[in-house]
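Good morning. Please have the sequence and the model open while I talk.

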2 protein chains.
Amino acid sequence: MDVENLSKDLERVSTETMADIVELRLREFFKKKSFKPGDALPKEMELVAALGVSRNVVREALSRLRMLGMIETRKKRGMILARPDVLGTFERVLDPLIIDDHILQDLFELRLVLEMGLADLLFLRKTDKNIAELEKIALDETHDGEKRFRVKNEIAFHGKLYEITGNNTLKRFQVMLMPVFGYVTTLEKDKEYQTGKVNHLDLVNILKNGTKEDFKAGMYAHLKPHFDSLTKK
Amino acid sequence: MDVENLSKDLERVSTETMADIVELRLREFFKKKSFKPGDALPKEMELVAALGVSRNVVREALSRLRMLGMIETRKKRGMILARPDVLGTFERVLDPLIIDDHILQDLFELRLVLEMGLADLLFLRKTDKNIAELEKIALDETHDGEKRFRVKNEIAFHGKLYEITGNNTLKRFQVMLMPVFGYVTTLEKDKEYQTGKVNHLDLVNILKNGTKEDFKAGMYAHLKPHFDSLTKK
DNA sequence: CATTATTAATATGTACTACATAATAACTTT
DNA sequence: AAAGTTATTATGTAGTACATATTAATAATG
């Protein structure tokens, strides 16, 4: 018999556990009933009865959903559907020590892409106040002290850029990805840390007086050393 | 007494459950022991003995970690530390129906930022073959059939762009965010669906013969209707 | 002796019971 | 009617028991 096609004829035996299934069912249930954040959810025992599984299983599934921020359980009062913290769950697994090197590299590229694309939002939402604050950070770095300070300042500057976009999700994204960036920069520490031809103060000035296109070009020049370190894959 | 400062003097009573604590302990443990993906982890009963909690609690904590993709449990064989799927966990909560409108808007902006920033990677990794495939997609849309097809094609084109970057994480990111984009575009359906002054075919041609700067300008023109729909907040 | 069958040991998955404890509801007391 | 007391409810934790899949160990067979 043709072994190759065996998997076509033989349906794969489900390896899912009860908890997996219950988790899925609950997700569907929440969606179907179109619960809104804050709504009270059925009690454990009701779910047990409805689903026909042990309380253990239900609790395990609920625990996972809670982990994802989809539900909240106020002790002894019942559960409510929560507003899932999209980035929060992301954050929980984002440990540079555990993440695969390839993905680390990908995330680093993601950062570069993000920062290159910031310009439009930046020019849409910049204010004099914002720019002044950004300038203060840029000026601070002239101390040119120890390396650790420089890195910290680098993060502060770019962080401020995200902040100016007024997009909180974007800002949090940057904060989360920070350790990743830090890790990658330590990886490329062999070549002396360099900031490209355009420094932070230059960028501030462009933001003040220049155009979007100027800023994009400037940001590229600023990040160029990083881009250069990218392989063509 | 000063009620305002009460919370300073009175330490907040911990509301953490045993499972929360065990989860944390396990994370620390994995890190401390510097387990690598694939390494076998202690058995449940060993953890129960070491931690001094019931097996229920341990299982609940393990279940969460498994949900985050940090561990895998091959049935009856034991657990191993897995390579966490960074984006996978993200995906699980990314349901446009549940997500807060503000975050939805933020994510949509994130998309625009991403696509504006793609240019540099694109020009770094484009090949004739890639461009040909992209062109094929762009040509396909001239049918100008029903709206659903147009949307599908829109997604195909932009998806291909991500693909060309050679950054798989980026690509997956786009795939995940797709339903979000779709949701947002249906929100702004009142004004007739318009693609800006630069269409897909134009972009392909710029990618062929133009410069990075041309492409950035072109992409901005292409996405302009979306940008225009953004408020200043 | 090598190969196959059988059995035992192991470890996770599921079910069930029991009780602790916090929050709330119901009830009593004055 | 306000305050205090008790009962109820629902989640959190512990523990036992057993099912089942996988591997290891052992016995049986040619």
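I will go through the chain, the pairing of the copies, one residue and one pocket.

This is a predicted model, in which local features need pLDDT of at least 70 and side-chain atom pairs count only at pLDDT 80 or more, while totals for chains, interfaces and linings use all residues. Residues are numbered from 1 along each chain as its sequence is written, chains are lettered from A and ligands numbered from 1 in the order in which they are written, and side-chain values use heavy atoms, with hydrogens and water left out.

Start with chain A. Its secondary structure comes to 11 helices and two strands; helices here are DSSP runs of H or I with at least four residues, strands are runs of E with at least two, and both are numbered from the N terminus. In sequence order the pattern is α-α-α-α-β-β-α-α-α-α-α-α-α. Chain A has 233 residues, and 45% count as buried, meaning under 20% relative accessible area with a 1.4 Å probe, protein chains only.

Contact means heavy atoms within 4.5 Å. Of the contacts in chain A with a separation of 6 or more, 68% are between residues 24 or more positions apart.

Now the two copies. Chain A superposes on chain B by a rotation of 180° with 0.1 Å of shift along its axis, at an RMSD of 0.1 Å; the fit is by least squares on the C-alpha atoms of residues with pLDDT of at least 70 in both. The copies are therefore related as by a two-fold rotation axis. In chain A, A:Gly117 has the C-alpha nearest the axis, at 2.0 Å. Because 100% of the interface residues of chain A are also interface residues in chain B, the copies meet through the same surface.

Next, one residue: is A:Arg111 buried or exposed? A:Arg111 is buried, at 6% relative accessible area. It sits in helix α6 of chain A, residues 101-125. Beyond its neighbours within four places in sequence, A:Arg111 contacts A:Glu154, A:His158, A:Tyr162, A:Phe181 and A:Leu223.

Last, the lining of the second largest pocket. A pocket is an open set of points on a 1 Å grid over the protein atoms alone, where a 1.4 Å probe fits, with protein on both sides within 12 Å along at least five of seven lines; lining residues have an atom within 4 Å of a point. Helix α2 of chain A, residues 18-32, gives the most to this lining, with six residues.

Note on methods. Buried < 20%, exposed > 50% of the residue type's maximum accessible area, 1.4 Å probe, protein only.
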